[in-house]
Amino acid sequence: MRTIKAEIIHDAVVDLVLTAARYLPEDVKQAIADAREKEDSASAQEILGQLLENADLAASSGLPLCQDTGVGVFFVELGEQVHVEGNIVEIINNAMVEGYDKGLLRKSLCHPLTRANTGDNSPAVVHVDIVPGDKIRIKHMAKGGGSENMSRCTMLTPAQGWEGIKEFVVRRMAEAGPNPCPPTIVGVGIGGTFDLAPTLAKKALFRPLSEPNPDPELAKMEEELLEEINKLGIGPMGLGGKTTSLGVKIEMRPCHIASLPLAVNVQCHSSRIKEVEL
């Protein structure tokens, strides 16, 4: 059994929060640069260039990539041979609060009805899975409201199959239009249950754009969805072009014989994700 002190986890999470807010992942920057080279639209090329410039300015200045610094979302893979000195959910939440204070990041969480701000961006959304081993892997996402609002979950009938999945995902992105600040990254969760499908869709967004699905069948489905979404012509910031989405990522799990759960979790161009292994 390996013991990990609370302060080690705390400091690592503070760094995750600050880094994710300021530095666009290299795979996303490369995808934007590649898309700019392929675009025919002058406005699309200009917008994609501005996104790259924004990423460089954020990295050099220490300012956040976007004024919407999002909800603090964490996926934790906790090794079964690890003993944490303290409650890991509380440690992560407290560290997230410190990170948002230290980075002068906007606190966006509020009461659903009164809209009273919680004041410190808490509580963090923390998912914990027990896995083999003696390490902890923490994945952080700063999830903005504009893209999250465009996400959807539905229960298809089994007979609708792949064609039904494709129709729902593409229609969702068509309806979303410019609202999620495209070019987007689209996470798709297939299977599981009503509550699991959206979690799978959000988890899918952590897979690098340069990394195809390890399942060849799902990799082909991702390519087909991306092609259909980009045919919509919505383009960067909704002003037209070839690049409505930079990538589609799918996570799939078995489901009940009577069900076909499906979820779409939309990510904006500012894909603020970071992970650490302890």
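In this predicted model, helix 6 (residues 161-176) and helix 8 (residues 216-230) pack with their axes 10 Å apart and at an angle of about 40 degrees. Angles from 35 to 65 degrees fall outside the ranges counted as roughly parallel or roughly perpendicular, and helix 6 and helix 8 are therefore oblique to each other. The handedness of the crossing of helix 6 and helix 8 is right-handed. On the side of helix 6 the contact is built from W162, K166, V169, V170 and M173, and on the side of helix 8 from M221, E224, L225, E228 and I229. Sorted by class, the contact of helix 6 with helix 8 holds seven nonpolar and three charged residues, with no polar ones.

A second helix pair can be described in the same terms. The axes of helix 1 (residues 6-22) and helix 4 come within 8 Å and cross at roughly 40 degrees, which makes helix 1 oblique to helix 4. Helix 1 passes helix 4 in a right-handed crossing. Helix 1 contributes A6, I9, H10, V13, V14, V17 and L18 to the contact, while helix 4 contributes I91, I92, N94, A95, M96, E98, G99, Y100 and K102. These residues of the contact of helix 1 with helix 4 divide into eleven nonpolar, three polar and two charged. The table sets out the two pairs.

| Helix pair | Axis distance | Crossing angle | Citation |
|---|---|---|---|
| Helix 6 and helix 8 | 10 Å apart | about 40 degrees | Axes of packed helices |
| Helix 1 and helix 4 | within 8 Å | roughly 40 degrees | Axes of crossing helices |

**The sheet with order 4-2-5-10**

Strands 4, 2, 5 and 10 form, in that order, an open sheet of four strands with mixed pairing. Strand 4 (125-131) and strand 10 (273-277) stand at the edges with a single partner strand each, so one side of each is left without a neighbour in the sheet. From one strand to the next, the twist of this sheet averages 15 degrees. Strand 5 (residues 136-143) pairs with strand 10 in the antiparallel sense, over five bridges, and the bridge partner of M141 in strand 10 is I273.

Two helices are in contact with this sheet. Helix 7 (residues 196-204) packs on the sheet and touches strand 2, strand 4 and strand 5, its direction making about 90 degrees with that of strand 2. Helix 4 (residues 88-102) also lies across strand 2 (71-79), strand 4 and strand 5, but runs at about 145 degrees to strand 2.

Which residue forms a salt bridge with K139? The partner of K139 is E77, and the closest N and O atoms of the two are 3.9 Å apart. Because K139 lies in strand 5 and E77 in strand 2, the pair ties together parts that are 62 residues apart in sequence. A search of the whole structure finds 21 salt bridges.

**The sheet with order 6-9-7-8**

Another open sheet of four strands has the order 6-9-7-8, again with mixed pairing. Strand 6 (152-156) and strand 8 (245-255) are its edge strands, each pairing on one side only, and its twist averages 15 degrees from one strand to the next. Strand 7 and strand 8 run parallel and are joined by nine bridges, with I185 standing opposite G247 in strand 8.

Helix 7 lies across strand 6, strand 7, strand 8 and strand 9 (260-267) of this sheet, running at about 145 degrees to strand 7. Helix 7 thus appears in the description of both sheets, since strand 2, strand 4 and strand 5 are also touched by helix 7. Helix 8, described above as a partner of helix 6, lies across strand 7 and strand 8 and runs at about 135 degrees to strand 8.

**Backbone geometry in the loops**

Most residues other than glycine have a negative phi, and most peptide bonds are trans. Against that background, three places in the loops deserve mention. The peptide bond from S122 to P123 is cis, with omega near 5 degrees, and P123 is found in the loop between helix 4 and strand 4. R115 is likewise found in the loop between helix 4 and strand 4, and its phi is near 65 degrees, a positive value in a residue other than glycine. The peptide bond from P182 to P183 is also cis, with omega near 15 degrees, and P183 is found in the loop between helix 6 and strand 7 (184-192).

Key
Residues numbered from 1 in each chain as written. Predicted model: local features only at pLDDT ≥ 70, side-chain atom pairs only at ≥ 80, totals over all residues. Heavy atoms only, no water. Pairing = 2+ DSSP bridges. Axes fitted to C-alpha atoms, helices over the stretch in contact; angles between N-to-C directions. Contact = heavy atoms within 4.5 Å. Parallel < 35°, antiparallel > 145°, perpendicular 65-115°, else oblique. Left-handed = near helix turned anticlockwise from the far one by under 90°. Nonpolar A, V, L, I, M, F, W, Y, C, P; charged D, E, K, R; others polar. Salt bridge = Lys/Arg side-chain N within 4 Å of Asp/Glu carboxyl O.
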